[in-house]
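Visitor: I am new to this structure and would like to learn how to read its features one at a time. Could we go slowly?

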Amino acid sequence: MRFILLHSPLTGPAAWTPLATELARRGIEATVPAIPPLSVLAAPYYESVARAVAVQALGQGGPFVLAVHSAAGGLAPGVVAAMRGQVRGVLYVDAIPPHPGRCWFETAGEGLVASLKAKAEGGMIPAWDQWFPPGALEALLPEGALRERFTAELSPTPLTWFEETAPQTDLPGDVGWGFLRLSKAYEREAGEARRLGWPTLRRDLHHLAMATHPAETADAMLALTRLLGLRTTA
């Protein structure tokens, strides 16, 4: 069983690189596909992203456990469908649960939505690190190569992505779905996952812990995978 580690469309694959390295150290295979910048993809974005991820992952050889982070949670049903039955489980890692029929703005708090719309220029929302007060990202990622790689992958995002309605995609009954809460900011989403009947684990780390605490995050992800009745290749 190979992991697919899917980053948020608002960040980049560097967010998952330390955890992929940790899994490799344990003899567990993982692939880290790169979602192309949404500014170069054609709408509908959910479908375009799903196709782009499937093209990169299917050649790696499955079956797979798909792990999605943050805003990638809304993309997961489409990715599973595009993976042609090769996904056995999906781990939501501090991620937004599926929201068919709603757009990203409808999943976020009113204050954040108002702030982002006020920051929009030329139909683009600023890069993710510019959403927060000065020092917020620095508090999560220590100074050095990791933060440099992470910020180098950030770019403005089309406003139309945030406004696009997630498609109605059924969650396959033969796929296991689980939730790993890394930060208190995702407690509401963890509660929603529990209401959906998903196995749910909580760790008091932070939203980018897979980059800064890869061993602890990997332990939790593997524990969640076992709760879904799945085994990795280790």
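Guide: Let us begin with a general idea: helices and strands are DSSP runs, a helix having at least four residues and a strand at least two, and they are numbered from the N terminus. Please keep in mind that the model before you is predicted.

Visitor: In which helix is Leu116 placed?

Guide: Leu116 has its place in helix H4, which covers residues 110-119.

Visitor: Is Leu116 buried or exposed?

Guide: A residue counts as buried when its relative accessible area is under 20%. Leu116 has a relative accessible area of 1%, and therefore it is buried. Leaving aside residues up to four places away in sequence, Leu116 touches Trp104, Ile125 and Trp131.

Visitor: How far apart are Leu116 and Glu29 in sequence and in space?

Guide: Leu116 and Glu29 are separated by 87 residues in sequence, and from C-alpha to C-alpha they are 37 Å apart in space.

Visitor: Which residues have the most contacts inside the largest nonpolar core?

Guide: Leu66, Val90 and Met221 have the most contacts inside this core, which has 81 residues. Its largest share, seven residues, is contributed by helix H2, spanning residues 45-58. If residues up to four places away in sequence are not counted, the residues that Met221 touches include Phe3, Trp16, Leu91 and Leu180.

Visitor: Where should I look for cis peptide bonds?

Guide: One cis peptide bond joins Ala43 and Pro44, with omega at about 5°, and Pro44 is found in the loop between strand S2 (30-31) and H2. The peptide bond from Gly62 to Pro63 is also cis, its omega being near 0°, and Pro63 is found in the loop between H2 and strand S3 (64-70).

Visitor: What is the phi of Arg84, and where does this residue lie?

Guide: Arg84 has a phi near 55°, which is a positive value in a residue other than glycine. Arg84 lies in the loop between helix H3 (76-82) and strand S4 (87-95). The cut-off for calling a residue exposed is over 50%, and Arg84 counts as exposed because its relative accessibility is 68%.

Visitor: And what is the phi of Asp94?

Guide: Asp94 has a positive phi of about 45°, although it is not a glycine. Asp94 is found in strand S4, and it counts as buried because its relative accessibility is 0%.

Notes: Residues are numbered from 1 along each chain as its sequence is written. This is a predicted model: local features need pLDDT of at least 70, side-chain atom pairs count only at pLDDT 80 or more; totals for chains, interfaces and linings use all residues. Side-chain values use heavy atoms; hydrogens and water are left out. A nonpolar core is a set of buried Ala, Val, Leu, Ile, Met, Phe, Trp, Tyr and Cys residues joined through side-chain atoms within 4.5 Å. Buried means under 20% relative accessible area, exposed over 50%, partly exposed in between (1.4 Å probe, protein chains only). Contact means heavy atoms within 4.5 Å.
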